[in-house]
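Work through these exercises with the structure open. Try each task before you read its solution.

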Amino acid sequence: MSLATPDVPRILIADDEAPARQRLRDLLDECREVHPLAIVDEARTGREVLGVLEREKVDVVLLDIRMPDMDGMEAARHIAGMPQPPGIIFTTAFDAYAIKAFEVNAIDYLLKPIRRERLLAALGKARSAPSRQALDAAANQPRRHLSVHERGRIHLVPVAEILYLRAELKYVTVKTAEREFLVEESLQHLEEEFDPAFVRIHRNCLVAREAISGFERNSEESESGWAVVIRATGEKLPVSRRQQHVVKQFK
């Protein structure tokens, strides 16, 4: 591991294949002659990338897209929500269609096999992370986790464990069987991303279909007279009049 100094960019290498990581190390060593840099760490998965970013200052992540556990695209979408995200350069063997998505959204990438000249050019441009909107537009599948930033740490909440999402002021409450989290995301965006796994029961609430055990008449608390019963907790959430057609979907 190279020791970093304040005046050079700090690089994190992320790839699940050891030969690919070594190849990038060798290329970065060659780049030092014209572009001083420091390699601060390596990661094999997107989850490991987020762990490194919690404990190290990183300026640029060389981020492979196809990795196990959490791929590079999902990791990048979590990184984009950080207060001071590093720059991201994707390394990819994706086809032309995927590369076109990156180009349209101004996301830098290196096509494998990576060449020294192209790496130098990318490092020269890597100043900040792509926006979450750009990454969302380039992504071709929903996230498997939501990221929650608490006291300098990133908590990954598996989407499969979420019971419901409820908008409150500028935050969305993420409810699991164990606890609640707060995220600064749009409920409308979450609905679009995770449809059809979640169903809207109210203008401020999405419920995971798998979390619904049934519906009950609840005329006092719900304008439609119905409430969703959450299997894991027994909670009863009101169904709005506009969304009462949902009740018929589950009968």
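**Exercise 1.** Which residue in strand 12 is the bridge partner of Phe198?

Solution. Keep in mind that this is a predicted model. Start with the two strands. Strand 11 covers residues 198-202, and strand 12 covers residues 205-208. They pair in the antiparallel sense over four bridges. Now look across from Phe198. Its bridge partner in strand 12 is Ala208.

**Exercise 2.** Place strand 11 and strand 12 in their sheet, and find the edges.

Solution. Write down the strand order. Five strands form an open sheet in the order 10-9-8-12-11. The pairing is antiparallel. Next, take the two ends of that order. Strand 10 (180-183) and strand 11 stand at the edges. Each has a single partner strand, so one side of each is left without a neighbour in the sheet. Last, check the twist. Neighbouring strands of this sheet are turned by 25° against each other on average, with direction ignored.

**Exercise 3.** Describe the sheet that holds strand 1 in the same way.

Solution. Five strands make up this open sheet, in the order 2-1-3-4-5. Here the pairing is parallel. The edge strands are strand 2 (38-43) and strand 5 (109-111), and each pairs on one side only. The average turn between neighbouring strands is 20°, direction ignored.

**Exercise 4.** Which residues stand across from Ala14 in strand 2 and in strand 3?

Solution. Begin with strand 1, residues 10-14. Strand 1 pairs with strand 2 in the parallel sense over five bridges. In strand 2, Ala43 stands opposite Ala14. Turn to the other pairing. Strand 1 and strand 3 are parallel too, over four bridges. There the bridge partner of Ala14 is Leu63.

**Exercise 5.** Is strand 3 largely enclosed or not, and why?

Solution. Count the buried residues. Five of the five residues of strand 3 are buried, so the strand is largely enclosed by the rest of the structure. Then sort them by face. In a regular strand the side chains alternate between the two faces of the sheet. Val60, Leu62 and Asp64 lie on one side, and Val61 and Leu63 on the other. Both faces are covered. Now add the surroundings. Strand 3 and strand 4 pair in the parallel sense over five bridges. Leu62 stands opposite Ile89 of strand 4. Helix 3 (residues 72-79) lies across strand 3 (60-64) and strand 4 (87-92). The helix runs at about 175° to strand 4.

**Exercise 6.** Where are the cis peptide bonds from Lys112 to Pro113 and from Asp195 to Pro196 placed in the chain?

Solution. Take Lys112 to Pro113. This cis bond has omega near -5°. Pro113 lies in the loop between strand 5 and helix 5 (116-125). Take Asp195 to Pro196 next. Omega is near 10° for this cis bond. Pro196 lies in the loop between helix 7 (187-194) and strand 11.

**Exercise 7.** Compare two residues with positive phi, Asp69 and Leu169.

Solution. First, the angles. Phi is near 70° for Asp69 and about 55° for Leu169. Neither is a glycine. Second, the positions. Asp69 is in the loop between strand 3 and helix 3. Leu169 is in the loop between strand 8 (162-168) and strand 9 (171-176). Third, the exposure. Asp69 counts as partly exposed because its relative accessibility is 37%. Leu169 is exposed, with a relative accessible area of 91%. The cut-off for exposed is over 50%.

**Exercise 8.** Is Ala232 buried or exposed, and what does Ala232 touch?

Solution. Locate the residue. Ala232 lies in the loop between strand 14 (226-230) and strand 15 (236-238). Its relative accessibility is 52%, so Ala232 counts as exposed. Leaving out residues up to four places away in sequence, Ala232 touches Leu163 and Ala177.

**Exercise 9.** What are the secondary structure and the span of the chain?

Solution. Tally the elements: the chain has eight helices and 15 strands. Then take the C-alpha trace, which spans about 75 × 40 × 30 Å along its principal axes. Finish with burial: of the 251 residues, 51% are buried.

Methods: Residues numbered from 1 in each chain as written. Predicted model: local features only at pLDDT ≥ 70, side-chain atom pairs only at ≥ 80, totals over all residues. Heavy atoms only, no water. Buried < 20%, exposed > 50% of the residue type's maximum accessible area, 1.4 Å probe, protein only. Pairing = 2+ DSSP bridges. Axes fitted to C-alpha atoms, helices over the stretch in contact; angles between N-to-C directions. Contact = heavy atoms within 4.5 Å.
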